[in-house]
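Here is a friendly walk through one protein chain, from the whole down to a single residue. Have the structure open as you read.

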Amino acid sequence: MTRQVGLMLFFSILSLCMVFGQVSYSIPEEMAKGSLVGNIAQDLGLDVKRLKSGRARIYTGEGTEHVELDKEKGVLLIKERIDREALCGQTTPCALDFQIILENPMQFYSITVEITDVNDNSPVFKNSKMKFDVSEMAQIGSKFVLEKAIDDDVGTNGLQGYSLSQSDIFILNPYRIGSSRNVEMVLKKALDREKQDRVSLVLSALDGGNPQLSGTIEIIVTVLDANDNAPVCSQVEYKTNVKEDSSKGTILTTVTASDADEGLHGQVRYSISNAPKGALELFNIDEKSGMFTLVGELDYEKFRHFEIDVQASDEGGNADVCKVLIEVLDTNDNPPAINIMSASSTVAEDVKPGTVLTMMNVQDPDSNENGKVRCFLDDYDHFKIISTSNNFFTLITDSDLDRETKSAYNITVTCSDEGVPSLSKSVTLTLQISDVNDNAPVFERSSYEAYIVENNTPGLSIFTVKATDADWNQNARVSYMLEDSSVNGVPVSSYVSVSADSGVIHAVRSFDYEQIKDFHFRVKAQDGGSPPLSSNVTVKIMIQDQNDNPPQVLYPVQTGGSLVAEMVPRSADVGYLVTKVVAVDVDSGQNAWLSYKLQKATDRALFEVGLQNGEIRTIRQVTDKDAVKQRLTVIVEDNGQPSRSATVVVNVAVADSFPEVLSEFTELTHDKDYNDNLTFYLVLALAVVSFLFITCLVVIISVKIYRWRQSRILYHSNLPVIPYYPPRYSDTLGTGTLPHVYNYEVCRTTDSRKSDCKFGRAGSQNVLIMDPSATGTMQRIQSEKSILDEPDSPLEVRWL
């Protein structure tokens, strides 16, 4: 029979409806595990793929999950056997409420599964026997209250009636299920203890199921001697209200009954004859006083109403029954329960306002105002909570997020009821903000300047540029690179390089300050995001000078085959300017600061050199004892560390006339080959002159030869040549000047090379330059005419 009932319940789905996203099913209890509840995918209009992609799951809050979801087929199945009586007791209808949650996007559907009753419980009596002591004086029609049976089933499967075994002494009063009347046994025939002192009956309780189930209790009646008055309750019903938080020992009411008999037959005893399941653990009645007290802890959410039968009986077995009706009043003793249905722990910082972050279900088992719940957030500008339906709340974004401002939030949601005092409960949700590449790298400075000393080693680290990115992880990983540009037409990459990871700038080549003093380029910092963001900065590299160039002497000019001499008259006074050493240094700064020192001199007591300007002056009066030829060695040093220097030899002629100078300097400068050539010309000239005097016949020829010979002698003579400097010659580099004019007048003869020369007019200085290898005559600069044509003209000459 049980198998038939199970099969019948398995295949019966009583009703299915879908209203505004809610689906209801009705199934019988006791269905086998894995039994079909309904095709939820079809009933909700969802594709089975949506159930899979949305990771559909059943949410039951804090309750037990009796139904499971088969996402492969889109159906609901029985997860474990359902006992309606254990689940709902006498409450009807009995239903399971749960939600199906979907994600991506978040959705939920409310499901109600009504559990219908099957006749799986027989009526049960609390006791197996009932005993009555009945006086033989009991009047016909006396009533005896019998114990009621309890059937956990409901509806037609519940208790439907009672029957009493066949007896000619007692009959069962008609009883209607659902009425407040008692089950009563009525005496229909006078008792006679002497004939029968004990009567045994069986009371059967029947339900309305199919097949019908029943329960029995044995009734034993003991016939006593006369006690012809039964106790009578003062009230048929005693009503009382009690708060669920009342303490143990609280007196609820007092039941009273009276018995007209005297003595032992008039003493009344009180007892609970019939009570709902669990009531005996909560209530107690004093046997003698009838005081009804609370002995357990009430819970309005479990039991709201109690109907208890109290029996008042005397020693003779006579009894009367009254009812105690107890209403339990709700108190605000339950805070709201917050159940997280679905939550996102991470969200991108670029989500739009209104994005759903968390769905919650909030339940408060209290009633009326005590069960009304509202939820709110602490002070958060970026989030808000809204109520989507009854007891369902959604946490959403309310404004734009920025991970760089705040990367994580601990969002506290507080839900409180409207009871007095109000009870509340909070839950903290942790939300991590994931990074989006919305920040470009930023350099520490708007521009950079760096210095490097010239002659550096290629590969030398110059300095480091640094950029930071406010983003995180890969989006904040900065790499550096050179922007394409050129310096003096050459790619900048041939001058410097930059480390992609560290930003260290290295010199690719060795720099020369004299070629390039500074240059600039741009460095780009790019992050690792997708798409990448970048910024750039201008870098200026300035080359610092190094003392790597010695001074260069511009004047006097040093030549390998000539001798320069500065002429000083013997009448020169103290401080007479002999000449000026002009030198430059291509370095800069203090590396180009030059100083002049007299290193060697024929007579140190006669000349000195200006430390800063290089001017050579006399420091005493020139005398006749001073040597004509004076040789000065001047050293020019710069101010670098270490310093560099150059030397120059200055020849000074101390004389008042050119012949004196020529005889002194030319004897020292002609070599042996030059003297041999000179002797040859002298002998030849002497022979020609003698031949002219002896041979008259060849006078004309001799004259011509003589003239030719004189012109040749003048052309090949080794007369000194005076250099010519333009007036007010100046040092273009700014290290010194020669503001003097060197003009001379020369008297010449047609005699031999040792003919006298005299000054026609002299400037402030006289300079002689003699070339030991020269054999030619002076050439005039001012005119292209021959010297012989204008014998008395003043002459300005230079060395050729």
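The report below starts with the chain, moves to one sheet and ends with one glutamate.

## The chain as a whole

Keep in mind that this is a predicted model. The chain has 800 residues, and 44% of them count as buried. Its secondary structure comprises 57 strands and seven helices.

Taking the contacts with a separation of 6 or more, 66% come from residues 24 or more positions apart. About 41900 Å² of the chain is exposed, and carbon and sulfur atoms supply 50% of that area.

## A four-stranded sheet

Let's pick out one sheet. Its four strands run in the order β17-β24-β23-β20, and the sheet is open, with mixed pairing. At the edges sit β17 (237–243) and β20 (269–274), each of which pairs on one side only. On average, neighbouring strands in this sheet are turned by 30 degrees against each other, direction ignored.

As general background, strands of a sheet pair through backbone hydrogen bonds, either parallel or antiparallel. Here, β17 pairs with β24 (residues 319–329) in the parallel sense, over seven bridges. To find your way along β24, look for Glu-327, the bridge partner of Asn-241.

## A look at Glu-449

Now for a single residue: Glu-449 lies in strand β34, which spans residues 447–453. Is Glu-449 buried or exposed, or in between? Its relative accessible area is 46%, so Glu-449 is partly exposed; the range for that label lies between 20% and 50%.

Beyond its neighbours within four places in sequence, Glu-449 is in contact with Lys-540 and Met-542. Phe-463 is 14 residues from Glu-449 in sequence, and their C-alpha atoms are 9.3 Å apart.

Definitions and conventions:
Residues are numbered from 1 along each chain as its sequence is written. This is a predicted model: local features need pLDDT of at least 70, side-chain atom pairs count only at pLDDT 80 or more; totals for chains, interfaces and linings use all residues. Side-chain values use heavy atoms; hydrogens and water are left out. Two strands pair if DSSP finds at least two bridges between them. Helices (H or I, at least four residues) and strands (E, at least two) are DSSP runs, numbered from the N terminus. Axes are lines fitted to C-alpha atoms, for helices over the stretch in contact, and angles run from 0 to 180 degrees between N-to-C directions. Buried means under 20% relative accessible area, exposed over 50%, partly exposed in between (1.4 Å probe, protein chains only). Contact means heavy atoms within 4.5 Å. Accessible areas come from the Shrake-Rupley method with a 1.4 Å probe; for residues, only the protein chains shown count as cover.
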